[in-house]
Amino acid sequence: MPDTPIVPAPSEKPDLPHEWIDVAELAAKNLGLSRTLAELSPEHWQLVLASVTDRMRLRGASLPVGWRRTLARQVGRATGEQVAAHVVALRAKREEIAAHVAQELGLGELATLNPIDRATVDQQTDETIEACSPDAPVSAECSDADRTMRRLLAEHRALKELKPDEADAH
């Protein structure tokens, strides 16, 4: 076997030319979307991508493999993996809060709860998270919560306020 050098594949895809971002911004503007590309809803982002596809083909550009993901990264949109990781982190933090609520209610471990007790814990968890959020309609005083619960609620609130790409960096 000849000694053929192994060339490592680049770990990151190269950026698209800035023209692609300009086309995406123009498409969003023409669609009447007032938010930045990074802030568009997934549905509106798909409309922009369809428009970019058509416009770049009309300009004779070839559409490189992975261009949608590259463009999303370049304009600051979270990738599917980042969004999924963010959702998992939020759910995990909610489960920590639920476990603490179950202990406070004297019900024991979450895994051992019957369906009725679990529903009670889930309802109490939702109410606790909602009541102790800064944007609650009636500002609840959460000072009666113990130190651990206040920490868990603060961590949940911080995760909820982060964008998925910011959460990935933390």
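**Conventions for the views.** Angles under 35 degrees count as roughly parallel, over 145 as roughly antiparallel, 65 to 115 as roughly perpendicular, and the rest as oblique. The model is predicted, so that local features need pLDDT of at least 70 and side-chain atom pairs count only at pLDDT 80 or more, while totals for chains, interfaces and linings use all residues. Residues are numbered from 1 along each chain as its sequence is written, and side-chain values use heavy atoms, with hydrogens and water left out.

**View 1. The whole protein has seven helices and zero strands.** Helices (H or I, at least four residues) and strands (E, at least two) are DSSP runs, numbered from the N terminus, and from that terminus on the elements run α-α-α-α-α-α-α. Of the 170 residues, 30% count as buried, where buried means under 20% relative accessible area, exposed over 50% and partly exposed in between, with a 1.4 Å probe and protein chains only. Among contacts between residues at least 6 apart in sequence, 64% join residues at least 24 apart, a contact being heavy atoms within 4.5 Å.

**View 2. Helix α4 (residues 80–104) and helix α5 (residues 115–131) cross at roughly 115°, and their axes come within 9 Å.** Axes are lines fitted to C-alpha atoms, for helices over the stretch in contact, and angles run from 0 to 180 degrees between N-to-C directions. At that crossing angle, α4 and α5 are therefore roughly perpendicular to each other. The crossing of α4 and α5 is right-handed; a crossing is called right-handed if the near helix is turned clockwise from the far one by less than a right angle, and left-handed if anticlockwise. On the α4 side the contact is made by Arg94, Glu95, Ile97, Ala98, Val101 and Ala102, and on the α5 side by Arg118, Val121, Asp122, Gln124, Thr125, Asp126 and Ile129. These residues of α4 and α5 divide into six nonpolar, two polar and five charged, where Ala, Val, Leu, Ile, Met, Phe, Trp, Tyr, Cys and Pro count as nonpolar, Asp, Glu, Lys and Arg as charged, and the others, Gly among them, as polar.

**View 3. The axes of helix α1 (residues 18–30) and helix α2 (residues 42–58) come within 9 Å and cross at roughly 125°.** The two helices α1 and α2 are therefore oblique to each other, and their crossing is right-handed. From α1, the contact draws on Glu19, Trp20, Val23, Ala24, Leu26, Ala27, Ala28 and Asn30, which meet Val48, Ser51, Val52, Arg55 and Met56 of α2. By class, the contact of α1 with α2 holds nine nonpolar, two polar and two charged residues.

**View 4. Helices α2 and α3 cross at roughly 120°, with axes that come within 12 Å.** That angle makes α2 oblique to α3, and α2 passes α3 in a right-handed crossing. Trp45, Leu49, Val52 and Thr53 in α2 meet Trp67, Arg68, Leu71 and Ala72 in α3, a set with six nonpolar, one polar and one charged residues. Thr53, in helix α2, counts as buried at 9% relative accessibility. Leaving aside its neighbours within four places in sequence, Thr53 is in contact with Leu63, Trp67 and Arg68. Thr53 and Trp20 are 33 residues apart in sequence and 9.7 Å apart in space, C-alpha to C-alpha.

**View 5. The largest nonpolar core has 19 residues, of which Leu37, Trp45, Val48, Val52 and Leu71 touch the most other members.** A nonpolar core is a set of buried Ala, Val, Leu, Ile, Met, Phe, Trp, Tyr and Cys residues joined through side-chain atoms within 4.5 Å. Helices α1, α2 and α3 (67–74) each supply at least two residues of this core, and the largest share, six residues, comes from α1. Without its neighbours within four places in sequence, Leu71 is in contact with Leu16, Trp20, Ile21, Ala24, Trp45, Leu49 and Val52. A second, separate core of 13 residues includes Ile97, Ala98, Leu110 and Met149.

**View 6. Two basic side chains, Lys93 in helix α4 and Arg59 in the loop between α2 and α3, are set beside each other in this legend.** Lys93 is buried, with a relative accessible area of 11%, whereas Arg59 is partly exposed, with a relative accessible area of 48%. Not counting residues up to four places away in sequence, Lys93 touches Leu152, Glu155, His156 and Leu159, and under that exclusion Arg59 touches Glu19 and Val23.
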